[in-house]
Amino acid sequence: RRNMPPRLAFVNKLDRQGSNPWKVIDDLRDQLKLNAAAVQIPIGLEGDHAGVVDIVEGRSIVFHGDNGETMEYGDVPADMTDLVEEKRLELIERLADVDDEIAEQFLMEEIP
């Protein structure tokens with residue numbers, strides 16, 4: 001890890017049995033010692049997987065069609081607002097660990 005390049009991990013196959021994106025993120029943190037955080041939250045898992053909530057944009061993306069080829073953008077589902085806010089704060093906190101400007105805003109309780 002010479003230059004510590006940024007990394008991006010994709011968690012796919014959330015429609016499959018046993019899928020758990022939070023375990024993947026925990027493993028990235030614990031086993032690889034990476035400062036990992038989610039930028040999207042799945043709407044349902046396994047057979048109930050219907051789309052994702054974009055934490056950064058604060059909107060939902062619901063997949064339609066046989067292969068999810070059509071996307072519908074909308075508001076965050078009401079039953080997910082607490083989880084979205086929790087994961088959004090976690091994302092900001094993780095970013096604050098590596099960015100002084102975001103850290104300052106976070107400590108001042110401002111929304112970056």
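Is lysine 13 buried, exposed or partly exposed, and what is its relative accessible area? In this predicted model, lysine 13 has a relative accessible area of 47%, and it is therefore partly exposed, since that class lies between the limits of 20% for buried and 50% for exposed residues. Lysine 13 belongs to the segment that comes before α1 (21–30). Its backbone also deserves a look: phi is positive at about 60°, although lysine 13 is not a glycine. As background, most residues other than glycine have a negative phi.

A second lysine invites the same kind of attention. Lysine 33 lies in the loop between α1 and β1, and its phi, near 55°, is again a positive value in a residue other than glycine. With a relative accessible area of 60%, lysine 33 is exposed.

We turn next to the sheet. Four strands make up an open sheet in the order β1-β2-β3-β4, and their pairing is antiparallel. The edges are taken by β1 (40–43) and β4 (70–74); each has a single partner strand, so one side of each is left without a neighbour in the sheet. On average, neighbouring strands of this sheet are turned by 25° against each other, direction ignored.

The pairings can be followed strand by strand. β1 and β2 (residues 51–54) run antiparallel and are joined by four bridges. Here glutamine 40 stands opposite aspartate 54 of β2, while isoleucine 43 has glycine 51 of β2 as its bridge partner. On the way to the next strand, β2 pairs with β3 (residues 59–64), also in the antiparallel sense and over four bridges. Aspartate 54 appears here too, with arginine 59 in β3 as its bridge partner. β2 and β3 form a hairpin with four residues between them. In the turn of this hairpin, glycine 58 has a positive phi of about 70°.

The residues of β2 are arranged on two sides: Gly51 and Val53 point one way, and Val52 and Asp54 the other way. All of them are buried, so each has under 20% relative accessible area.

At the surface, Phe63, Met71 and Tyr73 make a nonpolar patch of about 290 Å². One of these residues, methionine 71, has its place in strand β4, the strand that stands at an edge of the sheet. At 46% relative accessibility, methionine 71 counts as partly exposed, because this value falls between the limits of 20% and 50%.

Conventions
Residues are numbered from 1 along each chain as its sequence is written. This is a predicted model: local features need pLDDT of at least 70, side-chain atom pairs count only at pLDDT 80 or more; totals for chains, interfaces and linings use all residues. Side-chain values use heavy atoms; hydrogens and water are left out. Two strands pair if DSSP finds at least two bridges between them. Axes are lines fitted to C-alpha atoms, for helices over the stretch in contact, and angles run from 0 to 180 degrees between N-to-C directions. Patches are made of residues with over 30% relative accessible area and no salt bridge: like charges are joined within 9 Å, nonpolar side chains (Val, Leu, Ile, Met, Phe, Trp, Tyr) within 5 Å. Accessible areas come from the Shrake-Rupley method with a 1.4 Å probe; for residues, only the protein chains shown count as cover. A salt bridge is a side-chain nitrogen of Lys or Arg within 4 Å of a carboxyl oxygen of Asp or Glu. Buried means under 20% relative accessible area, exposed over 50%, partly exposed in between (1.4 Å probe, protein chains only).
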